Amino acid sequence: MDKQFYNQEEGLSRSEIEALQLERLHSTVEHCMGSAFYRKRFADSNVSVSDFKTLDDLRKIPFTTKQDLRDTYPFGMASVPLDRCVRLHSSSGTTGNPTVILHTARDLDQWANAVARCLWMVGCRPEDVFQNTSGYGMFTGGLGFQYGAERLGMLTVPAAAGNTLRQLKFFTDFGTTVVHAIPSYAARIFEVMQEKGIDPRRDTSLRTLVIGAEPHSEDTRRRIEDMLGVKAYNSFGMSEMCGPGVAFECKEQNGLHIWEDYYIVEIIDPDTLEPVPDGQVGELVLTTINREAMPLLRYRTRDLTRILPGKCPCGREHLRLDRMKGRSDDMIILKGVNIFPIQIETILMQFEELASDYLIILETLEDNDYMTVKVEIKDIPVDDYAKLKALEKEITRQLKDEILITPRVRLVPKDSLPKSEGKAVRVKDLRKQY
């Protein structure tokens, strides 16, 4: 009989989880004294290692931010000597110093276990063939899933990003059953399948898709499942926490189980920085409790989500996070209204006539700010003026009801918007800065 859990920690009860968290918090805080950054942070805050008696005492520690990582670039937050580290991952650093995350051999081993646990949870087994369409190198999605899939025992295909025709050849030649892809690229794969006359249900063995990296709506997930004939499971990870494997959906698809033997979870109001009750959306704050090279205490992720109340039917008692609503630093403020791109996507994906790609353009015209939403169509001829105008009017009405301002909606031909092999660009802000 197939075992339910990949490892013992996956099946811990709430009391067992919290006891393990407190034990690991003690050891992590003490370990952080190897970091010059945290030694100074604790001294400045008049906090000592002995102050942590309960999990609530974690709040005595100030938040750690991305700016802290940039200010201590490259190795100022390491808690072990550099000769114990075997790998680093880094952001692009396009807006200043990149963020660098260090790993020991044990860190990589634990990371592989976490990703293997995620894949096992959605039914992946050693007999599967796993194809990774994620970028490798500094981006953690490539190597993170690679080592996790290998740890589980699957035959892995490190296809990397792009070259969709080659991806399709690998699907058919290697009998790929499990694919990892960002949502926008999964939609692109289906478009190329259509162009080449490939039926994913008839011509491939695909059955499981792992998606993540981009905020996406439930309608987008269901649309991808219908297109490719797969079950698509949402994944959450970030390089500061190690990469993929932080949280993952189970087969119930009703929230992402976050592995609390690796992380302590807080949800805070991003303005007041105070905790919010379970069920309320706020900013996700994470503390690593199973890392050697570079543990992070109370790291502000900027991702917006909520803890889902209640227990999951799958039997796992690790907390469940709702799908990410976006990022607090990605919020659009237009005419005094706070808007997240995911709100717009949720409306657009309800229209069967629309394709998956869209672009939100913000611009200043005659000293007033406006929003234009360009979205590709798939089922209406571009020269059918009456139908196009009626569809634009209905989309505009529904968007206004959701975001409380009236955008300009422009329907454009399929494949006319820019495509990217990485994360899709959904917002272009051209507004004048005063």
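This is a selection-by-selection tour of a predicted model, going from a helix pair to two nonpolar cores and then to two further helices.

**Stop 1: helices α4 and α5**

Select residues 105-121, which form helix α4, together with residues 140-152, which form helix α5. The two helices pack at an angle of about 75°, and their axes are 7 Å apart. Angles from 65 to 115 degrees count as roughly perpendicular, so α4 is roughly perpendicular to α5. To display the contact from the α4 side, pick D109, W111, A112, N113, V115, A116, L119 and W120. From the α5 side, pick T140, G144, F145, Y147, G148, A149, R151 and L152. Coloured by class, this contact of α4 with α5 shows ten nonpolar, four polar and two charged residues.

**Stop 2: the largest nonpolar core**

Keep L119 selected and add F236, F248 and L286. Within the largest nonpolar core, which has 68 residues, these four touch the most other members. Helix α4 supplies the largest share of this core, nine residues.

Now centre on F248. Leaving out residues up to four places away in sequence, F248 touches C118, L119, M121 and V122, as well as F145 and V210. Its other contacts under that rule are Y233, N234, S235, G255, L256 and H257.

Another core, of 25 residues, lies apart from the largest one. To find this second core, select L348, I360, M371 and L388, which are among its members.

**Stop 3: helix α10 and I344**

Select residues 341-348, helix α10. Which residues of α10 are buried? They are P341, I342, Q343, I344, E345, I347 and L348. With seven of its eight residues buried, α10 is largely enclosed by the rest of the structure.

Next, centre on I344, a residue of α10. I344 has 0% relative accessibility and therefore counts as buried. Beyond its neighbours within four places in sequence, I344 is in contact with I339, I360, M371, V373, L399 and I403. I360 and M371 also belong to the core of 25 residues.

For a distance check, draw a line between the C-alpha atoms of I344 and F139: the two residues are 28 Å apart in space and 205 residues apart in sequence.

**Stop 4: helix α9 and its end**

Finish at residues 218-228, helix α9. Its buried residues are T220, R221, R223, I224, E225, M227 and L228. Move on to G229, just after α9, and check its backbone: G229 takes a positive phi of about 70°.

Note on methods:
Residues numbered from 1 in each chain as written. Predicted model: local features only at pLDDT ≥ 70, side-chain atom pairs only at ≥ 80, totals over all residues. Heavy atoms only, no water. Helix = DSSP H or I, 4+ residues; strand = E, 2+ residues; numbered from the N terminus. Buried < 20%, exposed > 50% of the residue type's maximum accessible area, 1.4 Å probe, protein only. Contact = heavy atoms within 4.5 Å. Core = buried A, V, L, I, M, F, W, Y, C linked by side-chain atoms within 4.5 Å. Axes fitted to C-alpha atoms, helices over the stretch in contact; angles between N-to-C directions. Parallel < 35°, antiparallel > 145°, perpendicular 65-115°, else oblique. Nonpolar A, V, L, I, M, F, W, Y, C, P; charged D, E, K, R; others polar.
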